[in-house]
Amino acid sequence: MAILKENLGIDPSSSPDVLLARISATVSTSSSPYTSAEMLEDYVQRGMPDVKDRVLDTIDEERRWRHAREEQEQNHRHAIEREEIALARARMDEEHRQQRRSQKNALVIALIGIIGALGGSYFLPAGVCIWVIVICVGGPSTATIAARLLDHRKS
């Protein structure tokens, strides 16, 4: 009780309404990071003038540190996003190269099959040469269908 009277100037023996009003006036809230001017002035009056400057410098230093930290985190997030974009772009480029290679290889196989069937037409029946051309141009799915058709003919 003596602490209230000494430090805050509040008389605990006064009426509850006066006590509540005095405590409410003493307690204040602020969204500012800085200490209230009254509190800093109180430090100066109590013979600690350097505390005021140290408090303000500490608050400013903390704000600079937080700002630098937030900037560092943002730069890190941007670096991760750039890396993910570069990886996705590299995957797409590789997929496109594979597709182009596959198309070139399919063209080469079809041309070899056509030329081979035309050249083999002197030695093989025409039906076999046509099947070779169809399979070489149609690819694996056509070859599978042709094999199933031949199996059904044999049975």
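Me: At what angle do helix H3 (residues 37-45) and helix H4 (residues 49-120) pack, and how far apart are their axes?

Reply: In this predicted model, helix H3 and helix H4 pack at an angle of about 145 degrees, and their axes lie 6 Å apart.

Me: Which residues of H3 and H4 make the contact?

Reply: On the side of H3 the contact is made by Leu 40, Tyr 43 and Val 44, while H4 contributes Pro 49, Val 51, Lys 52, Val 55 and Leu 56. Counted by class, the contact of H3 with H4 has seven nonpolar residues, no polar residues and one charged residue.

Me: What makes Lys 52 count as charged?

Reply: Lys belongs, with Asp, Glu and Arg, to the residues that count as charged, and therefore Lys 52 falls into that class.

Me: Why is Leu 124 called partly exposed?

Reply: Leu 124 has a relative accessible area of 44%, and because buried means under 20% and exposed means over 50%, a value in between is called partly exposed. Leu 124 is found in the loop between H4 and helix H5 (126-138).

Me: What makes Leu 124 eligible for a nonpolar patch on the surface, as far as its accessible area goes?

Reply: A patch takes residues with over 30% relative accessible area, and Leu 124, at 44%, therefore passes that cut-off. The patch is formed by Tyr 122, Phe 123, Leu 124, Val 128 and Val 132, which together have about 580 Å² of accessible area.

Me: How many helices and strands are there in the protein chain?

Reply: The protein chain has six helices and zero strands, and along the sequence its pattern reads α-α-α-α-α-α.

Notes: Residues numbered from 1 in each chain as written. Predicted model: local features only at pLDDT ≥ 70, side-chain atom pairs only at ≥ 80, totals over all residues. Heavy atoms only, no water. Axes fitted to C-alpha atoms, helices over the stretch in contact; angles between N-to-C directions. Helix = DSSP H or I, 4+ residues; strand = E, 2+ residues; numbered from the N terminus. Contact = heavy atoms within 4.5 Å. Patch = residues over 30% accessible without salt bridge, like charges linked within 9 Å, V, L, I, M, F, W, Y side chains within 5 Å. Areas by Shrake-Rupley, 256 points an atom, 1.4 Å probe, with all protein chains shown as cover. Salt bridge = Lys/Arg side-chain N within 4 Å of Asp/Glu carboxyl O. Buried < 20%, exposed > 50% of the residue type's maximum accessible area, 1.4 Å probe, protein only.
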